[in-house]
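Let's take a walk through this one together, cysteines to begin with and a helix later on. Keep the structure open beside you as you read.

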Amino acid sequence: NFVQTLQNTPCCPPGWRMYMSTCYQRSSLTNNWKSAKQDCEIKGSHLVILNDEEEERFVHRFGGAVSMWMGLKCCKDSNNSWTCKWVDGSLVLYR
């Protein structure tokens, strides 16, 4: 299961829940990270991006006890250093 978001929408589609100005959906599908990411993209959304502790608490409450994928991707560069970015290309600011 995973959570996906649609940002800056006045109201959420049926089955989605709004927090701040973002819509979230908990999928009933069980996928690996890559499949979950693709499923989100088909729906015009992306895997969840956590911006602060309040959003993280909301996602945990909404997701319940299920495991969820989030939209964080880390890669090693040629110097063996790790670089992490969110699926929308933004840098990780919240730790």
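Start at the link between C12 and C23, which is left-handed, with -95° about the S-S bond. Keep in mind as you look that this is a predicted model. The sulfur atoms of C12 and C23 sit 2.1 Å apart, and the two residues form a disulfide. What does the pair tie together? It links distant parts of the chain: C12 belongs to the loop between strand 1 (3-7) and strand 2 (17-19), while C23 is in strand 3 (residues 22-26), with their positions 11 residues apart in the numbering. C23 has a relative accessibility of 0%, so it counts as buried, the cut-off being under 20%.

How many disulfides turn up in the whole structure? A search finds 2. Besides the C12 and C23 link, there is a disulfide that joins C74 to C84, with an S to S distance of 2.0 Å. The C74 and C84 link is right-handed, with 110° about the S-S bond. Here too the pair links distant parts of the chain, with C74 in strand 5 (residues 72-76) and C84 in strand 6 (residues 82-86), 10 residues apart. As for exposure, C74 is partly exposed, with a relative accessible area of 33%, and C84 also counts as partly exposed, at 28% relative accessibility.

If you number the bonded cysteines in sequence order, the pairing reads 1-2, 3-4. That leaves some cysteines to account for. C11 is in no disulfide, and the nearest cysteine sulfur, which belongs to C12, is 7.1 Å away. At 57% relative accessibility, C11 counts as exposed. C75 is in no disulfide either; its nearest cysteine sulfur is that of C74, 7.4 Å away. C75 counts as partly exposed, at 39% relative accessibility.

Now move along to helix 1. Which residues of helix 1 (residues 33-42) are buried? They are W33, A36, D39 and C40. Looking down the axis of helix 1, you'd see these buried residues fall within an arc of 125°, so they line one face of the helix. The spacing fits a simple rule of thumb: an α-helix has 3.6 residues a turn, so residues three or four places apart point the same way. Over on the other side of helix 1, K34 and I42 are exposed.

Have a look at what happens around the ends, too. N32 caps the N-terminal end of helix 1, with a side-chain oxygen 3.2 Å from the backbone nitrogen of K34. So K34 turns up twice in this picture, as an exposed residue of the helix and as the owner of the backbone nitrogen in that cap. Following helix 1 comes G44, whose phi is positive, near 75°.

One last stop is I49, in the loop between strand 4 (46-47) and helix 2 (53-63). Is I49 buried or exposed? It counts as buried, at 5% relative accessibility. What is it in contact with, leaving aside neighbours within four places in sequence? The list for I49 is E55, W86, V87 and D88. I49 can also be set beside W69: these two are 20 residues apart in sequence, and their C-alpha atoms are 9.9 Å apart in space.

Terms used. Residues numbered from 1 in each chain as written. Predicted model: local features only at pLDDT ≥ 70, side-chain atom pairs only at ≥ 80, totals over all residues. Heavy atoms only, no water. Buried < 20%, exposed > 50% of the residue type's maximum accessible area, 1.4 Å probe, protein only. Helix = DSSP H or I, 4+ residues; strand = E, 2+ residues; numbered from the N terminus. Arc of directions from axis to C-beta. Polar contact = N/O pair within 3.5 Å; in protein donor to acceptor, adjacent residues only side chain to side chain. Contact = heavy atoms within 4.5 Å. Disulfide = S-S within 2.5 Å.
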